[in-house]
Structures are given as C-alpha cells and as structure tokens.
There are 4 protein chains.
Amino acid sequence: MIQFDYHFKVRYKDIDQMGVMYYSRYFEYYEAARTDMMSDLGLTYKELEEQGIMMPVVHSESDYLAGSGFDDHLICKTEIREKHGNRMEIFYTVVSENLPANIINTGKTIHAFVKLNGKPTRIPQSLKQVVDNKWEHVK
Amino acid sequence: MIQFDYHFKVRYKDIDQMGVMYYSRYFEYYEAARTDMMSDLGLTYKELEEQGIMMPVVHSESDYLAGSGFDDHLICKTEIREKHGNRMEIFYTVVSENLPANIINTGKTIHAFVKLNGKPTRIPQSLKQVVDNKWEHVK
Amino acid sequence: MIQFDYHFKVRYKDIDQMGVMYYSRYFEYYEAARTDMMSDLGLTYKELEEQGIMMPVVHSESDYLAGSGFDDHLICKTEIREKHGNRMEIFYTVVSENLPANIINTGKTIHAFVKLNGKPTRIPQSLKQVVDNKWEHVK
Amino acid sequence: MIQFDYHFKVRYKDIDQMGVMYYSRYFEYYEAARTDMMSDLGLTYKELEEQGIMMPVVHSESDYLAGSGFDDHLICKTEIREKHGNRMEIFYTVVSENLPANIINTGKTIHAFVKLNGKPTRIPQSLKQVVDNKWEHVK
C-alpha cells in the first residue's frame, strides 16, 4: 500500500488556549501531506489542475485521540486509495516523531474529480497509473 | 429539538483558488455556531471553562454538497444532543440565506467533557439542565 | 470622515496558548471590516471584482496594545481614504464593546487597484464617487 | 548578521481566489521562520516559555511586492536584532527558491518580553548571549 510520511511541526498559530492543536488545523496538515505525497508519486496536484482536473474534497473527518502541543514534531502518515474510478480516499494517521506508536489523530478525506466547468469526471489516467504502479510494487 | 441559526458571510480568507470555501474553514464556522448557540441557551462556553470544564472535540466530520463563494450569506443550522452523559453531539447544516432548501454542507462534532487536569468528567449539571429543559419545550 | 463599526466576537480558533488573539488573526477581521464597510457604502467588493477590478493589499501593519480573549465582543472601527487616485488606505482601531475608550489594536492596509490581467489601474469611478460623496456629508 | 533561511511551500489553504497567497498568511510563515531560527540558534521558543518568558508581538508589518501561487517553493530569509534590551526586531524577506533575486514580500515583527504574569521584562540572558555570540561570528 502506498504510504507517505509528512513531517511537520506544530506552530503557535495552531495552538488554542487549552494548549493543544485546534481541531480544524489537522485538516490543513492533511492537505500538505496529500499534496507532498502526490509530488512524491511523481504527479503534482498543480499539474492536475493545469490539465483541467480538480480534486475537491467531498467528505472529511478526523478523530482526536490525544493532544499535540507547541513545537511538537509530528508525522502525518498518509495513504491513498482509488475508489470506483471516480473517488479517491486518503487516510491520515498523525503520530509524534518521538513516540510513533502513540496515535494522536486519525483522519480521512474523500475527493471527487471534476473538470474546470465543474462537471464530474473519472480519475485521470496519469494518476491512476501512478497509484496502480505503486500498488504493484508492494504486492 | 434545540436548533440555533448562526448567520455568517463567507470571507475572502475562506475562499481558495477554485473560488469556493476551503474545506477546513467550515469547522471554524461550526465553532462560532455552537458557541453562539450555547450563549443563546444561557450558558456560555467561557463560563464552562471558568467552572473548570472544557469540551474538547473528539470527532469531527463534514460533507461538502455544494460550493459557497465569496460574500455568500449563509446560515449554519445547529443542533445539540447529549449522549450517554459524557458526550455532546452537535450537528450542523449549512444553507444559503437566499436558497435555504439547498444544502451546501452538513457536519458533526462530538465533544467530551474534561476537567482542567485533563481527566474525563460527566456533562455539567448546568449544561444538562439547559439542554433538557429546551428539549421539553419541543416535546 | 467615513467610519464604519464592524462588530465581532473573538473565537476559540483565534486564541493562542497565551490566551489572547493570535497576531495574524487581526488581519482577517480587518478584511471582514472593510468588506462590510464597502457593502455599507453601497458598493460591494464582489461587484468590483465582477467589474474586473481587484484590490490587492500592498501593505499591511498592526500594533498590538492589549490582548483580547475568548468571546470578547469587539468593534473594529474602520476608515477609508483615497490616495493619489491609485491607492486606498484603510485604518482600523479595535476596541472592546464594554470599554470602547481602551484601544486594543490599531492597523492599516494599503490597497492597489488592478485589472484581471494584473495591470495597475486607477480607482474605479463607482468607488471614488461613493467615497467622495460620503466625505462631503461630513464636511 | 544572523540570517536564517526558512524553506516552505505555498499550500492550497493559503491561496485566495486571485490565485495568490492571502495577505495574512505571510505572518503565519514569519512565525514558523522565527521559531525555527531560534531553534537553530540553540534556544527554542518553547524553552523560553518554560523559563517563564513570553515574546508577544507588539508590532507587525508586511509589504506585498509580488504574488506567490500554489505549490511555489519559497524561502523566508529571517534576521533577528536586539533593540534597547527589551525589544527584539525580526526582519523577513520572502523569495522564490528558483528566482531568489526577485523579492516577493518583506516584513517585520517587533516582540516584547513579558513574564507569565504579563509584566514586561528584559531580554533573557540566554537569548542575548546567543544573539551576541552569533553577531561576533560575522564581524
């Protein structure tokens, strides 16, 4: 299975007065994680948009298992999966670099594929090949 | 059922280059909606914190049914429900002021109750009474 | 002088672990304040963009005189001024609703006018008239 | 002079519908830049807070010279300077990795030193030594 590790640090802007990361900020780091995963797979999201394909989020969710504090060094472990040829599911597991066995947060986003005119479309061949090839590597 | 309408406008800061509200911003408006609902119920979240009770989010989710653009006037219809005496579920339905029948977004957050030392606790009596009284009104 | 009062509440998302509003959030409220001021003047920023005029920020600044905490009810007093026919200066003074004499924050943004192709242009006549007419009212 | 290069990528969350980074986001990257610079100098901001010293921003400003788009790889060149023993001035220059001669944005933040009780204090010795030693290196 394709897995990508996105490393990041919790910033002051992310922390609320409970001293932990505010709940919606995880979704911003999910975005960074999936963007860098796609670059790592050899197909940037920017190129997709230049080909006239956008990947709007149609569903998002997050489970908060433990708090993360200022300047914590975290990893967002990210996995991608095609679904029915017209959806992409991406899974996120956030852990601390120091204590990777303790899960801080898990999440999921589901993405559709749409053309610039907003019409739904199938997963672009370029992305499908990249994902499928990678899957084969780990079979 | 307790329902509160939170009115807001989509701001430039919320819009991405697809021209629609960025997916994590909905969670920020959910927060504004539930905070104002609690004030409207006669019990502010600030007072809860001053009583030593915090309501961290343990789960959040959102479904994006349609885009919302800059300066759209939206309503976040918000409902609150106690669950098992130690959780609070809050439901959100975002519609346009002009076209309230068309649902733009739905979401849910689940909140735990914890003391300042981080230990879990039951729903505070003050909040329970407020919620229960309101429920009776609509029975 | 044109002055517009934008009322807002400090949200949990705005507060950092010092318990006060994070410094960059003020700029987000400045945006809400100037957008609503323009609507109040009878010319929305959305209409300007539809006419092919954008008003990018070319300079911003903020002075933090006192902290503002969660659920504080604040007013952002906003003033607009044309400058040299190709710039707009907007001034912001943030005070508490309860204690309007105590200034929490002051700020300024300077805006250019550009066409959709990015070329600079003069202040649009529609905006100039609105601003000039209002100025006359207070002479 | 102490100079630190903070590398970052522009994220979808940062981009508005003009297709460029929203103006207040620069301040968030300034924060990341100065935090990592302090770590690089051997004194983390987290340690300072644990010693009971906070460095609230008392002034911030930014000049927007050119836009930066999605997935641009940028550098925030950061410099720190002590001022009068009770202020720290930090300067930021944002350039593209590909075209470092073209300045996209410049900014400045001024920080005070306060104790946990909010009382102003002098620059902590630990920070002063770090800054002063580094200055000597480049004399």
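This briefing covers the sheet, the helices and the chain contacts of the structure above. The model is predicted. Chains A and B share an open sheet of ten strands with antiparallel pairing. Chain B can be laid on chain A with an RMSD of 0.0 Å. Chains C and D touch through 15 residues from each.

**The sheet of chains A and B**

- The strand order is S1(A)-S4(A)-S5(A)-S6(A)-S3(A)-S3(B)-S6(B)-S5(B)-S4(B)-S1(B).
- In that order, S3(A) is followed by S3(B), where the sheet passes from chain A to chain B.
- The edge strands are S1 (3–9) of chain A and S1 of chain B. Each of them pairs on one side only.
- From one strand to the next, the twist averages 15 degrees.
- H1 of chain A, residues 25–40, packs on this sheet. H1(A) touches S1, S3 (57–64), S4 (73–83), S5 (87–96) and S6 (103–112) of chain A. The direction of H1(A) makes about 130 degrees with that of S1(A).
- H1 of chain B, residues 25–40, also packs on the sheet. H1(B) touches S1, S3 (57–64), S4, S5 and S6 (103–112) of chain B. Its direction makes about 130 degrees with that of S1(B).

**Strand pairing within chain B**

- S1 (residues 3–9) and S4 (residues 73–83) of chain B run antiparallel and are joined by seven bridges.
- Within this pair, B:Asp5 has B:Lys77 of S4(B) as its bridge partner.
- S4(B) also pairs with S5 (residues 87–96) of chain B, antiparallel, over ten bridges.
- Here the bridge partner of B:Lys77 is B:Thr93 in S5(B). B:Lys77 is thus bridged to B:Asp5 and to B:Thr93.
- S4(B) and S5(B) form a hairpin, with three residues between them. In the turn, B:His84 has a positive phi of about 60 degrees.

**Helix H1 of chain A**

- H1(A) has 16 residues and reaches 23 Å from its first C-alpha to its last. That is close to the 22 Å expected at 1.5 Å a residue.
- Of the 16 residues of H1(A), 13 are buried, so the helix is largely enclosed by the rest of the structure.
- A:Gly42 follows H1(A). Its phi is positive, near 95 degrees.

**Relation of chains A and B**

- The superposition of chain B on chain A takes a turn of 180 degrees and a shift of 0.0 Å along the axis. That is the relation of a two-fold axis.
- In chain B, the C-alpha nearest the axis belongs to B:Glu61, 2.0 Å from it.
- The same surface serves both copies. Of the contact residues of chain B, 100% recur in chain A.

**Contact of chains C and D**

- Chain C supplies 15 residues to the contact, and chain D supplies 15 residues.
- On the side of chain C that touches chain D, H1 (25–40) and S3 (57–64) of chain C each supply at least two residues.
- S3(C) gives the largest share of that side, eight residues.
- By type, the side of chain C that touches chain D divides into eight nonpolar, four polar and three charged residues.
- S3(C) pairs with S3 (residues 57–64) of chain D in the antiparallel sense, over five bridges.
- In that pairing, C:His59 has D:Asp63 of S3(D) as its bridge partner.

Technical notes:
Residues numbered from 1 in each chain as written. Chains lettered and ligands numbered in written order. Predicted model: local features only at pLDDT ≥ 70, side-chain atom pairs only at ≥ 80, totals over all residues. Pairing = 2+ DSSP bridges. Helix = DSSP H or I, 4+ residues; strand = E, 2+ residues; numbered from the N terminus. Least-squares fit on C-alpha atoms with pLDDT ≥ 70 in both. Contact = placed C-beta atoms within 7 Å. Nonpolar A, V, L, I, M, F, W, Y, C, P; charged D, E, K, R; others polar. Axes fitted to C-alpha atoms, helices over the stretch in contact; angles between N-to-C directions. Expected span 1.5 Å × (residues − 1). Buried ≥ 20, exposed ≤ 12 C-beta atoms within 10 Å, placed from the backbone.
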